[in-house]
Each structure stands twice: as structure tokens, then as C-alpha cells.
Amino acid sequence: MRALREALGQFATGVAVITTVTPEGERAGVTVNSFTSVSLDPPLVLWCLADRAPSARVFLRAGRFAVNVLAAGQDDLSRRFSTPARDKFDGVALLPTPSGLPVLAGALAGFACRTVRTYDGGDHRIFVGQVEHYERTAGEPLVFHSGRYRELYAHARHNDSLVV
Ligand SMILES: Cc1cc2nc3c(=O)[nH]c(=O)nc-3n(C[C@H](O)[C@H](O)[C@H](O)COP(=O)(O)O)c2cc1C
């Protein structure tokens, strides 16, 4: 299991905090690196949450979530939302949103999603969401590789081009 985890950890990813709030006002937030885009039309994204995570119940109940893509230097937020706590949001700067979803200040991008399907994924649940609103700002991402936080460095090459 540990060897598999270490092999999987060779796949470098960004880091996102997925947040939600139920109609009763119960909030949840978890750090994930399982976030990925799925489809552009319709606009779908997915992420995976361990069945045993205490927040799983809240995400299933809320039926919606916000994806907060962390920027370089936001590893403190990543640690906070990956550590069980009574109120992970205590002292965290949030932006006001029309949807009421908790959105973290300073994130590189935010996607407000409605959960359209969940799938059994072994010991995780796969959440597929339809993007209803999104925002982005310029900046460098927080990167996770081999169990460590990293930052990108740019290759100084003349033929560097944007992949679109
Ligand atoms: C960089 C990073 C990525 C993570 N990715 C995931 C993930 O994709 N899915 C998951 O269930 N937990 C993931 N975790 C662990 C959760 O953040 C952690 O278990 C958290 O405490 C779950 O929230 P909860 O205890 O409030 O339910 C990740 C942790 C880190 C540090």
C-alpha cells in the first residue's frame, strides 16, 4: 500500500480545497489533489473523497461544492483543510458569493458546482459536478509531488509555447 502510494505520488498535481455549506449552514472543506476537469460541454469536473472522511456526509447532503485552486504560498491553507478540526474555517478569509458557497480569498481559480452524480470508487466516492460559475486570477500554482509542496519553475527556452 505504501509503495503504491509512493508510486502514485510521482504524479505531480495542483492542490485544491473543496468547500461546501448545507442549507442548514453546516460547512465543510477538504484539501484534495484528486480534482480534475472532465468535460467542457457540458462543463463537468470531478474529485474524490475518502468514504471515511467525516466531511463526506456534509458534501453528500449539500449537493453542491466550490473548488478553490490554491496559489503558490497557500500551503498553510492546504495544511489547515487537510487536518481534522472542529471549525477549519475559523479565521480564514472568505469572499462573498451569490451562491453562499465558502470561497477562499487568494485562490487562483474558483468553480461553483452542482453535484450531478456520485460514483463508488473503492474506498473513495467520486463527485462529478457541473460548473455553474467560475473565476480565475493570474498567478503561480501550489504544486504537490512525492508528498511535498513545491512551486513551479519556468524552463527558459526560446520555443516555449502555450498549449491550448
Ligand atoms: C495535498 C493533499 C491532497 C489530498 N487529497 C485528497 C483527496 O483527493 N481525497 C481525499 O479524500 N483526501 C485527500 N487528502 C486528505 C484530506 O485533506 C484529509 O483527510 C482531510 O482531513 C479530510 O477532511 P475531513 O477530515 O474534514 O473530512 C489530501 C491531503 C493533502 C495534504
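**Note on the sheet, the core and the ligand shell**

1. Strands β4 and β5 make a hairpin, with 4 residues lying between them. The two strands run antiparallel and are joined by 3 bridges. Within this pairing, Thr36 has Leu46 of β5 as its bridge partner. The model discussed here is a predicted one.

2. The hairpin belongs to an open sheet of 7 strands, ordered β3-β2-β6-β9-β10-β5-β4, with antiparallel pairing. At its edges are β3 and β4 (36-39), each of which pairs on one side only. On average, neighbouring strands of the sheet are turned by 35 degrees against each other, direction ignored.

3. Strand β5 also pairs with β10 (residues 124-136), in the antiparallel sense and over 7 bridges. Here Ala50 is placed opposite His124 of β10. The two faces of β5 differ in cover: Val45, Trp47 and Leu49 make up the covered face, whereas Leu44, Leu46, Cys48 and Ala50 make up the uncovered one. Leu46, on the uncovered face, is the residue that partners Thr36 in the hairpin.

4. Strand β6 has a pairing with β2 and another with β9. With β2 (residues 16-21), β6 (residues 64-69) forms 4 bridges in the antiparallel sense; Ala16 has Val69 of β6 as its bridge partner. With β9 (residues 109-121), β6 forms 6 bridges, again antiparallel, and Val67 stands opposite Phe111 of β9.

5. Why is β6 largely enclosed by the rest of the structure? The reason is burial: 5 of its 6 residues are buried, so the remainder of the structure largely encloses this strand.

6. The largest nonpolar core contains 33 residues. Ala16, Val17, Ile18, Phe65, Val67 and Leu70 have the most contacts inside this core. Two of these names have already come up in bridges: Ala16 with Val69, and Val67 with Phe111.

7. Which residues does Phe65 touch, leaving aside those up to four places away in sequence? They are Ile18, Thr19, Thr20, Phe59, Cys113, Thr115, Phe127 and Gly129. Ile18, in this list, is also among the residues with the most contacts in the core.

8. The ligand is surrounded by 16 residues, the closest being Val32, Ser34, Ala53, Ser55 and Ser82. By type, the shell divides into 10 nonpolar and 6 polar residues, with no charged ones. At least two shell residues come from β3 (27-32), and at least two from β5 (44-50). Of these two strands, β3 is an edge strand of the sheet, while β5 pairs with β4 and with β10.

Technical notes: Residues numbered from 1 in each chain as written. Predicted model: local features only at pLDDT ≥ 70, side-chain atom pairs only at ≥ 80, totals over all residues. Near = placed C-beta within 6 Å. Nonpolar A, V, L, I, M, F, W, Y, C, P; charged D, E, K, R; others polar. Pairing = 2+ DSSP bridges. Axes fitted to C-alpha atoms, helices over the stretch in contact; angles between N-to-C directions. Core = buried A, V, L, I, M, F, W, Y, C linked by C-beta atoms within 7 Å. Buried ≥ 20, exposed ≤ 12 C-beta atoms within 10 Å, placed from the backbone. Contact = placed C-beta atoms within 7 Å.
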